[in-house]
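Here are three short exercises to work through with the model open in your viewer. Try each one before you read its solution.

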Amino acid sequence: MQNQKEDRRIRITKRAIRESLVELMQTVPIAKISVKMICETADINRSTFYAHYTDSYDLLRKLQRDIIADIKEHLFSVQFKGHVAKTVPVIVQVLEYAKENATLVKVLLSGNGDASFQNELMYLMQEKVIDEIREDQRLDDHTTKYVELFAISGVESIVYQWLVNGCADDSGKLAELITALLTSGVYGLYR
């Protein structure tokens with residue numbers, strides 16, 4: 001029973017530390033966030049912080065790793081190629097995940113976040129979505145890079161703006177828009 005209480009306390013402490021980092025990142029870039037600031041916001045002492053993390057970047061990396069793992073789980077559950085009907089529900093799942101973690105995802109995608117998360121997210125999307133679209137397009141490697149950058153930054157910007165707007169638009173309709181843009185481009189919307 002003692003171990004379960006300890007585990008619960010540790011989970012609560014880690015959650016408080018993570019929430020403090022996210023709260024701080026809403027106004028302060030990660031490069032300027034110190035362990036002292038995190039501890040003051042979380043109302044813990046430094047030794048408690050160091051029992052779980054080495055520094056603010058270690059905390060951020062672990063937070064990002066968890067987010068990427070969750071998104072991967074959703075993205076890799078389906079083949080996108082030729083299955084638009086399956087693509088929309090998967091994107092809805094990812095959007096709903098982003099909505100449930102709106103403050104965190106918004107901060108990580110903002111200018112106060114760490115560029116490595118955005119790069120990892122781009123790589124993840126490239127690995128899954130863009131590679132499957134690329135197989136159908138038969139473009140040369142040089143042109144494919146431009147298409148990838150356009151698609152990935154476009155989706156990332158749409159999701160970020162949706163989060164900034166308080167997720168006001170229906171996630172299903174947004175997923176359909178993203179899918180249409182990825183598979184048919186802007187002109188595909190007007191057919």
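Contact here means heavy atoms within 4.5 Å. Keep in mind that this is a predicted model.

**Exercise 1.** Find what F49 touches, leaving aside its neighbours within four places in sequence.

*Solution.* Start with the residues before F49 in the chain: I17, V35, I38, C39 and I44 are in contact with F49. Then go past it, and you pick up T54, D55, S56 and L59. F49 is also listed among the residues with the most contacts inside the largest nonpolar core, which has 49 residues. Of the helices that feed this core, α5 gives the most, with eight residues.

**Exercise 2.** Work out why the buried residues of α2 line one face of the helix.

*Solution.* First pick out the buried residues of α2 (residues 35-42): V35, I38, C39 and A42. Now look down the axis of α2: these buried residues fall within an arc of 95 degrees, so they line one face. The general rule is that an α-helix has 3.6 residues a turn, so residues three or four places apart point the same way. Just after α2 comes D43, with a positive phi near 60 degrees.

**Exercise 3.** Sort out the geometry of the aromatic pairs in the cluster of F49, Y50 and Y53.

*Solution.* The structure holds two aromatic pairs. F49 and Y50 sit edge-to-face, 5.5 Å centre to centre with 90 degrees between the planes. F49 and Y53 are tilted instead, at 5.6 Å and 45 degrees. Now check burial: F49 has a relative accessible area of 0% and is buried, Y53 is buried at 2%, and Y50 is partly exposed at 40%.

Technical notes. Residues are numbered from 1 along each chain as its sequence is written. This is a predicted model: local features need pLDDT of at least 70, side-chain atom pairs count only at pLDDT 80 or more; totals for chains, interfaces and linings use all residues. Side-chain values use heavy atoms; hydrogens and water are left out. Buried means under 20% relative accessible area, exposed over 50%, partly exposed in between (1.4 Å probe, protein chains only). Helices (H or I, at least four residues) and strands (E, at least two) are DSSP runs, numbered from the N terminus. The arc is that of the directions from the helix axis to the C-beta atoms. A nonpolar core is a set of buried Ala, Val, Leu, Ile, Met, Phe, Trp, Tyr and Cys residues joined through side-chain atoms within 4.5 Å. Rings of Phe, Tyr and Trp (its six-membered ring) pair if their centres lie within 6.5 Å; planes under 30 degrees apart count as stacked, over 60 as edge-to-face and the rest as tilted.
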